[in-house]
Amino acid sequence: MRTLFRRWVDIGTGNIALFASVSTVILVIVFALMLFLKAYPIFMENSLGNLIFSSKWAPMKGSFGFFDFILGTLWVTALSMIIAAPLSILTALYLVEYAPKWVKIVMDPAIDLLAGIPSVVYGVWGVVVIVPFVRELGDRVGYTSTGYSVLAGGIVLALMIIPIMTSVMQEVLRSTPIGLREVSLSVGATKWETTRYIVCRHALGGVIAAGIMGLSRAFGETIAVLMVVGNQVIMPRSLFDPGYPIPALIANNYGEMMSIRLYDAAIMTAALILMGVVFITQLAARLVVRRMMYGREAP
Amino acid sequence: MIRRIEENVFKFLMLISTLIVFLGVAGLLFVVMIKGVPVMSWEMISHCPSGGDLMGAKPGILNAITGTLIIGFGATFLATLASLPVIVFIHGYAHRKIWVSIVRFALDLLWGIPSIVYGVLGFMVMLFFRMKASLLAGMITVALLEFPIAARGMDEVIRLVPKALKETAFAIGSTRAETTMKVILKQALPGILTALLIAFGRGVGDAASVLLTTGYSEDLPTSFTDPVATLPLAIFQQLGSPYPEVQVRAYASALVLTIIILIISISTRYLMRRFESKHVGG
Amino acid sequence: MSHLMVENLNLYYGKMHALKDITVAIPDHQITAIIGPSGCGKSSLLKSFNRLIDLTDNTRVTGKVLLDGQNIYETGLDLAAIRKKMGLLLQTPWPLPMSIFENVAYGLRIHHVAKRRELKEKVEYYLRRAGLWDEVKDRLHRPASALSKGQQQRLALARGLAVEPEIILADEATSALDPLSSKKIEELFTELKSVYSIVIVTHILRQARRIADYVLFMYMGELVEHGPADKIFKDPKDPRTKAYVIGEIS
């Protein structure tokens, strides 16, 4: 009797597990479909080229040129990567190769904490610290700016993506086999030379994957950027101009979108773009990691 | 000679980088505290606002704190219900690697979706079921957001459990259900709790997903269909208010939120350390 | 005076006393084999010769290791220069993540050989020395990871020889190779001893019998006995040595 019950539990659990897993996969597809269906009407009246390259954004009149938003997103994301990538690599290298124990004890929880801090709090910090900073900087360099700019967005975003990039890079660097280091040192290379020529080359794939992960996060981050970027539908021409990245577009216009025709379709298109970017970067990161694991068999 | 210079230059750069990152963290916490502490008071935390909070009347953030905590726990509970079976599937039942890869990829995709998109999707679900912006709608949306985070976190943790354990359990005749639940999950329990904590932290702090799904209310919620205030949104709105006395309340709210996250972060570290020392490495 | 001498060397991993008061002079231009049961400290001893032991956390060393009269454990020394004097072969060949050519050139470049022609000449010379040239001369710029294990090990040898060391250290260099490749490596060592001093660690007694000129027997961190290979194998003094050599302790 007992055995029958056990078997019953076994099969039952299995079915639930299977159901949940299949649902997960279906969920992704359903989400994509939902967005697509809602976004679709906009394509009937506007060509893809128009949507992407036109700057005319006047929803009330029915023109939906996404170009300014795309630019805004690109500016902010690029800025954040330019700031965050070198900082992440250098910090990861330092923490893995050179840092004394006490530094690691301080930095590890610090980086973890940075990863957990919510978007809004970053936004508050951005408004209180970064926006005035950019304003000052602008004055010094000759740009009048309110401080609410793509630069502010880039800086805040950079700080947000540094934790994830740094921790993945650290893991990758740490996974360098010790034998590789030993043979390099035994040929008379210094620690630095070993790090620069051997460790870095070995870890390159993983470091790039980490970078892609950071990029992915940067694309989708909404609230913090929204609070400091100015939210004006213009083409940012300099660091100090405000911008309007795609996630901000979605967040700000949620409310109005029901009342204007095709507005909701436009917003959904934006959401679809974001989802598409995530899909592509995920794929890319996975490919890089897989190449790294298989193309380089441990000897 | 050149290599010496190069080495020193890079050593310097590395040091500066680390310092900058540290200053970033420290600066952030410092600002939150400096700005938040002056505005904090017991009254703030224990009272709901009244009379048009956003327009300057009596302050209070109890509504937001309660809302956030209820949504946090509720959403995490739902996410756990959803992710446990998937984990059981991956680690206890899946026969072929291809299925595991597909499910993991799906989870990765879901994990990568920006929270604003979850907000949009939650909004669409809300409309479809003709729900109003409410506690329930917000809970479901945040649950959707937390689900891949919880699942992935648990997955990573369970992967650390030595395979031999599973094999031994099967060898003595356990069923798949028993092996997975009684053996593997038990071994990985602290790690699983960590994953759930992390998901909770994410759900609690996220503003984009609750933006249009929870509405706003000055009072404590009395039922699932009431609109409810949340800390992230409260911060966002308070900061954007034209009244300076309301703006500063944002700092207090931010402080409370940060403290919650700090508690979660410390608990996570503690749990992970216990997990690693006891259960990993065979 | 030998190139390499050890005086009262003690090694601690944290609290564990891994090497106990070792004193010995490693003979020049001979193959010295360090033998002993697993865990007796053979590899630790070898790694303390070129201070690779420093890579492990929590190690403490007392005593001296004298390379050409100079104690390598003094503070303030140029470690890279010291390590250069000793080539290293490990059980896993660890080809560097570069082409075959670059693997051998790595050490040369580090030590400032930059001219293209000189590099090419030296790389070819050392690949020949390691008995690998004919097999790789047509694919010098392919990744080293594509070679077989035996070839990778010979590449590692070429790589080490290229910086012109005085001593070659080999830690179980043939243990992971097939018999044919092992034989090649053993032959190379025998050839090379006229120019270099070679110290090998091996758990394969037969190998030691085949090629060693001088033997160090270690047991639980102590240097129990050492001497010319003939004497150790035919007429060991210490009962522990006797037991090992006849095959009892393994």
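In the predicted model, the C-alpha centres of domain 1 and domain 2 of chain A are separated by 31 Å. The assignment places residues 2-45 of chain A in domain 1 and residues 52-294 in domain 2. The contact between them involves seven residues of domain 1 of chain A and ten residues of domain 2 of chain A. On the domain 1 side, six of these residues are nonpolar, none is polar and one is charged.

Chain B is likewise assigned two domains, with domain 1 covering residues 2-39 and domain 2 covering residues 42-279. Their centres, taken over C-alpha atoms, are 30 Å apart. Six residues from domain 1 of chain B and seven residues from domain 2 of chain B form the contact. The side of domain 1 of chain B that touches domain 2 of chain B consists of four nonpolar residues, one polar residue and one charged residue.

Turning to the contacts between chains, two pairs of chains touch, and the pair with the most contacts is A and B. This contact draws 62 residues from chain A and 63 residues from chain B. On chain A, at least two residues each come from helices H1 (2-45), H3 (67-98), H4 (101-116), H5 (119-141), H6 (150-174), H8 (191-220), H10 (246-253) and H11 (263-294). The greatest contribution to the side of chain A that touches chain B is made by H1(A), with 17 residues. The composition of that side is 43 nonpolar, 13 polar and six charged residues.

H10(A), one of the helices that supply residues to the side facing chain B, is mostly covered, with six of its eight residues buried. The buried residues of H10(A) are A:Ile246, A:Pro247, A:Ala248, A:Leu249, A:Ile250 and A:Ala251.

Chain A also touches chain C, through 19 residues of chain A and 27 residues of chain C. Helix H7 (178-186) and helix H8 of chain A each provide at least two residues of the chain A side of this contact. H7(A) gives the most, with eight residues. By class, the side of chain A that touches chain C comprises eight nonpolar, five polar and six charged residues. H8(A) thus appears in the lists of helices for the side of chain A that touches chain B and for the side that touches chain C. Chain B and chain C are not joined by any contact, and their closest C-alpha atoms are 9 Å apart.

Chain C contains ten helices and ten strands. The radius of gyration of chain C is 18 Å, in agreement with the value near 18 Å expected of a compact globule with 250 residues. Along the principal axes, the C-alpha atoms of chain C occupy a box of roughly 55 × 45 × 30 Å. Of the 250 residues in chain C, 44% are buried. Among contacts in chain C between residues at least 6 apart in sequence, those joining residues at least 24 apart account for 68%.

Within chain C, strand S8 (residues 197-201) has five of its five residues buried, and therefore S8(C) is largely enclosed by the rest of the structure. The side chains of this strand are divided between two directions: C:Ser197, C:Val199 and C:Val201 point one way, whereas C:Ile198 and C:Ile200 point the other way, and all are buried.

S8(C) pairs with strand S3 (residues 31-35) of chain C in the parallel sense, over four bridges. In this pairing, C:Thr32 has C:Val199 of S8(C) as its bridge partner. S8(C) also runs parallel to strand S7 (residues 167-171) of chain C, to which five bridges join it. C:Val201 in S8(C) stands opposite C:Asp171. The connection from S7(C) to S8(C) passes through helix H7 (residues 179-192) of chain C, forming a right-handed β-α-β crossover. C:Val199 and C:Val201, which stand opposite C:Thr32 and C:Asp171 respectively, point one way from S8(C) together with C:Ser197.

Definitions and conventions:
Residues are numbered from 1 along each chain as its sequence is written. Chains are lettered from A and ligands numbered from 1 in the order in which they are written. This is a predicted model: local features need pLDDT of at least 70, side-chain atom pairs count only at pLDDT 80 or more; totals for chains, interfaces and linings use all residues. Domain bounds come from an automatic or database domain assignment. Ala, Val, Leu, Ile, Met, Phe, Trp, Tyr, Cys and Pro count as nonpolar, Asp, Glu, Lys and Arg as charged, and the others, Gly among them, as polar. A residue is buried if 20 or more other C-beta atoms lie within 10 Å of its own, exposed if 12 or fewer, and partly exposed in between; C-beta atoms are placed from the backbone. Two strands pair if DSSP finds at least two bridges between them. A crossover is right-handed if, with the strands pointing away from the viewer, the path from the first strand over the helix to the second runs clockwise. The radius of gyration is taken over C-alpha atoms; the globule rule is 2.2 Å times the number of residues to the power 0.38.
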